[in-house]
Amino acid sequence: MKRYYLWSIGCQMNETDSWRVAENLKRLGYAATRRPEEADVIVLNTCVVRQSAEDKVYGRLSSLRPIKQKRPGTILALMGCAVEEDISSLQQRFPYVDLFVRPSDTESLIDFIASRDGTAGHPHPASGILHPVPCSLPPVSCYVPVVHGCDHLCTYCIVRLRRGRQRSRSPAEIVDEVRCLVERGAREVTLLGQNVDAYGRDLPGQPTLADLLETVHEIDGLWRIRFLTSHPADMTDAIIEAVAYLPKVCEHIEIPVQSGDDEILKRMLRRYTVARYRELVARIRERIPNVALATDVIVGFPGETEKQFMNTYDLLHEMRFDVVHVAAYSPRPGTAASRLPDDVPPQEKERRRKAVEELQTQIAGEINARLLGQTVEVLVEERHKGKWQGRTRTNKLVFFEDEGDWRGKLAQVRITWTGPWSMQGVPGRAPLSQVLPSLPDSDKIK
């Protein structure tokens, strides 16, 4: 049997692309393997948004060279944000790679593999709808890309350079995909975009994200809807209102602030001020009182002083987010910020990053502790180390033990322990009677 090995790193968009690649390879007759030396096809789906991610990518790619030398017929493909428009430098550096694929271009990848192994012309949905004929079960909670690329020009971000300008998918195409996923067992979808709030601006009639949420909301069998990632400059009252009044849309919004200092925001070209961000958060919390908010922060941006860092620290202390994703700035080649002096020493960046992490650990622990003894609704996704795991509507991770089959069910869980990153509890009743499709034995990793 033909086998494939798929290694993926990076954002939720990459996770989705990797799942599409796996689905299509299965339709071409490939089975998954955890050992690249056993694979006929090796695919690395990459991220270079931070230097640490880029280092992992190229380290992993270099480690595969002996496999290509030993088995030259193995197809080795590099896809994702490591692949820029001009691939000549990558070809010189990694001559043993057979194919370089731009982000989300799964169709080109599958067509290349099909042409090499003699299955060209085999029907596949690489760039379109996932057919309801199961190759494997989709996750209970699925990502659905609704807009690719981004029209913002944030000075630190390489995404625009690698993924291009904004390209929204039509509402009809999105609805068809969500409906297919639900028919196969998905119960929650997250609508994805580098800037999901700008959805539809490039489409005829300019449908908005709020319009799309209403349309997807009508799909029978779908229980929950999320969306990410938002941009403070594009979050509208209509989107906030949709979260407030559509029952399936979860009370959970990720809205990156990046910095709590106006001068740094200006150099980042974020197009909003701290005051405007505060006002936006206040509007969200007023309209959706039980909302969970997450944010992203970059520390050590070029020229960031201690005072400017403390402005960010103080804002996070004031806002009390449920989750803060913090990263130390690393220059990305080709971005505007890469031309600025990277003048914050590495050890100082790390100190600031740790300070934010320690603050957020305390805040998240206090927020979650309020749920101790309460009963929460959990959409159960899978077993993990002998326990069932799932998430609340506000995206809190919950674990519980039970002998029943809870996958894809809604559980009422009484919380018995809380920590900053997860909680544990006991289910209050038996699983719902609905049964999801079982995973075919032929699809299990050998």
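Two strands count as paired when DSSP finds at least two bridges between them. That matters for the first two views below, which, like the rest, come from a predicted model.

**View 1. Five strands close into a barrel.** Going around the barrel, the order is β13-β14-β15-β17-β16, and the pairing is mixed. Ignoring direction, neighbouring strands of this sheet are turned by 55° against each other on average. Strands of a sheet pair through backbone hydrogen bonds, and they can do so either parallel or antiparallel. One antiparallel piece is β14 (residues 387-391) with β15 (residues 397-400), held by four bridges. To find your way into that pair, look for Arg 391, whose bridge partner in β15 is Leu 397.

**View 2. Strand β17 seen with β15 and with β16.** Which way do β15 and β17 run relative to one another, parallel or antiparallel? They run parallel, with three bridges joining β15 to β17 (residues 423-427). A handy landmark is Phe 399, which stands opposite Gln 424 in β17. With β16 (residues 410-418), β17 pairs in the antiparallel sense, this time over five bridges. Here the residue to pick out is Val 413, with Pro 427 as its bridge partner in β17. The link between β16 and β17 is a hairpin of four residues.

**View 3. The largest nonpolar core, with a second core elsewhere.** In soluble globular proteins, nonpolar side chains tend to be buried together. The largest such core in this model has 59 residues. Which of its members touch the most others? They are Val 178, Leu 191, Leu 213, Val 216, Phe 227 and Ile 253. Zoom in on Val 178 and, setting aside neighbours within four places in sequence, you'll find it in contact with Val 144, Val 189, Val 216, Ile 219 and Leu 222. There is also a second, separate core, made of 25 residues, among them Ile 67, Val 83, Tyr 96 and Ile 158.

**View 4. Ala 77 and its surroundings in strand β4.** Ala 77 is part of β4 (residues 75-80). Is it buried or exposed? Its relative accessible area is 1%, so Ala 77 is buried. Apart from neighbours within four places in sequence, Ala 77 is in contact with Ile 42, Val 43, Leu 44, Val 97, Leu 99 and Leu 109. For a sense of scale, take Glu 306, 229 residues away along the chain: its C-alpha atom and that of Ala 77 are separated by 44 Å.

**View 5. Aromatic rings that pair up.** Searching the whole structure turns up seven aromatic pairs. In one of them, Phe 94 and Tyr 96 meet edge-to-face, 6.2 Å centre to centre and with 90° between the planes. Both of these residues, Phe 94 and Tyr 96, are buried. Another pair, Tyr 272 with Tyr 277, is tilted: 6.2 Å from centre to centre and 35° between the planes. Tyr 272 counts as buried because its relative accessibility is 7%, and Tyr 277 is buried as well, at 1%. Back with the edge-to-face pair, Phe 94 and Tyr 96 also form one aromatic cluster with Tyr 58.

**View 6. Backbone oddities in two loops.** Most residues other than glycine have a negative phi, and most peptide bonds are trans. Where does the backbone go cis? Look at the peptide bond from Leu 228 to Thr 229, where omega is near -5°. Thr 229 sits in the loop between β9 (224-228) and α9 (237-245). The other loop to check lies between α10 (262-268) and α11 (274-287), and Leu 269 is found there. Leu 269 is not a glycine, yet its phi is positive, near 60°. With 30% relative accessibility, Leu 269 counts as partly exposed. Arg 271 is in the loop between α10 and α11 too, and its phi is also positive, about 70°. Its relative accessible area is 49%, so Arg 271 is partly exposed: the exposed class needs over 50%.

**View 7. Where to be careful with the model.** The chain averages a pLDDT of 91, and 92% of the residues score at least 70. Over residues 125-135, though, the pLDDT is below 50, and this stretch has 39 contacts in the model beyond near neighbours in sequence. Residues 432-446 are also below 50, with 26 contacts in the model beyond near neighbours in sequence.

Notes:
Residues numbered from 1 in each chain as written. Predicted model: local features only at pLDDT ≥ 70, side-chain atom pairs only at ≥ 80, totals over all residues. Heavy atoms only, no water. Core = buried A, V, L, I, M, F, W, Y, C linked by side-chain atoms within 4.5 Å. Buried < 20%, exposed > 50% of the residue type's maximum accessible area, 1.4 Å probe, protein only. Contact = heavy atoms within 4.5 Å. Axes fitted to C-alpha atoms, helices over the stretch in contact; angles between N-to-C directions. pLDDT = per-residue confidence, 0-100. Phe/Tyr/Trp six-rings, centres within 6.5 Å; stacked < 30°, edge-to-face > 60°.
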